[in-house]
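Here are two short exercises to work through with the model open beside you. Try each task before you read its solution.

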Amino acid sequence: MESIEKLGDLTGKTVLVRCDFNVPENDKGEITDDRRIKAAIPTLKSLLDRGAKLVITAHLGRPGGKEDKAYSLAPVAQRLSELLGAPVKLAKDAAGPDSKELAKNLKPGEVLLLENIRFRPEETSKDEAERMKLAEDLASLADIFVFDGFGVAHRKHASSYDVSKLLPSYMGLLVAKEQAALTRALEDPARPYTVVMGGAKVSDKLKVIVNLLDVADRILIAGGMAYTFIKANGGEIGQSLLEPDMLDEARECMRIAKEKGVEFLLPKDLVVADAFSNDASCEIVDAYQVPDDMMGMDVGPKTCEEFASKIKDSKTVFWNGPLGVFEFPKFAEGTRFIANAMKEATANGAFTIIGGGDSAAAVDAFGFKDGDFSHISTGGGASLEFLKGEGLPALKEK
Ligand code: AMP
């Protein structure tokens, strides 16, 4: 898919843009983090500057295929209008009669946001024919489609995947930026190249890790998924998270790493606790000797030092997933330590990528700035899917 930079003058054209406006909200429905809306502005401004009329489609949360006020995009329309410095109309429906009427009457430079596309059950349907009905409704609103919702690039949904079968389609500037950064991490990394994988589950990330064994120089494993690898090596992990079904695959992954000469590091020490709570009593133990009644909650100081030195000595670093249960301040130190090492590596000229999701949320909660890293992805699931090396459905030519 080509970038919108290829497009010339768009006066008189209506452009349908798929954005990722799936922002967190508090109990009162106020947006608590507007980074995803901000990330869409360059694409929207670029299209408006060329004289386009904009129809934007996006989702918020999981309303389950029916209208639900709690998931309305009204707060997004307001914030978007503030950020664009222009009025944004909100359609009452998602590509229904109100959307059609408002889209028909748009003038150059005007912006229409459709209501939450997941109010329509067809959006996420497994049945392609069902999804195509919604894709046709969406396509009927515009002349050109622009995909800029990186967070849903790995989904085969009507508004991200199917609609591009019906209209001339381009990728937006955000998606182009994400693709360029991740392509560097997948195909052309400056070396040494270190990958840091944390988070809860091995099963979510094993395919990515195995694919990265072809390109990375070092893989550092932490978080909840490290315990399955430690157990696979014969360690005692007490009550720590374990995926017994993944033990063989974890062993195989470590065998391939050895065969390919990739340094594969597991934690040396851990912070363990007697309960899954911020008030639990905790101690630091050898990672292979977790007491029977304790569970791993974070990496220990030796691991922090070792991982940080590998990161600081790298020219490319990709990091996905917290190193411990960072939601509890008591177990956030490993994640903070690694974020700091990434920041130092960036300052020393390394190309550093934070792979979205919880790691992006963590660095934000710790008060790091966007400029502390080379790239913070807006899509955790999509960036991991990209690194599996099989391409992203929304970006494939149809
Ligand atoms: P993921 O979505 O796979 O990146 O996983 C993120 C989640 O992993 C966060 O909610 C963390 O609290 C959790 N996590 C990280 N380390 C651990 C651990 N040692 N034990 C249990 N959960 C963890």
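Strands here are DSSP runs (E, at least two residues; helices are H or I, at least four), numbered from the N terminus, and two strands pair if DSSP finds at least two bridges between them. The model is predicted: local features need pLDDT of at least 70, side-chain atom pairs count only at pLDDT 80 or more, and totals for chains, interfaces and linings use all residues. Numbering starts from 1 along each chain as its sequence is written, and side-chain values use heavy atoms, with hydrogens and water left out.

**Exercise 1.** Which residue of β11 is the bridge partner of L270?

*Solution.* Begin with strand β10, residues 269–273, which runs antiparallel to β11 and is joined to it by 5 bridges. The partner of L270 in β11 is V285. Next, widen the view: the open sheet has 3 strands in the order β11-β10-β12, paired antiparallel. β11 (282–286) and β12 (295–299) each have a single partner strand, so each edge strand has one side without a neighbour in the sheet.

**Exercise 2.** Which atoms of the protein make polar contacts (pairs of N or O atoms within 3.5 Å; within protein, one must be able to donate a hydrogen and the other to accept it, and residues adjacent in sequence count only if both atoms are side-chain atoms) with the ligand?

*Solution.* Take the side chain of E327 to start: one of its N or O atoms is 2.5 Å from a ligand oxygen. Then turn to the backbone, where an N or O atom of G224 lies 3.2 Å from a ligand nitrogen. Finally, a polar backbone atom of G324 is 3.4 Å from a nitrogen of the ligand.
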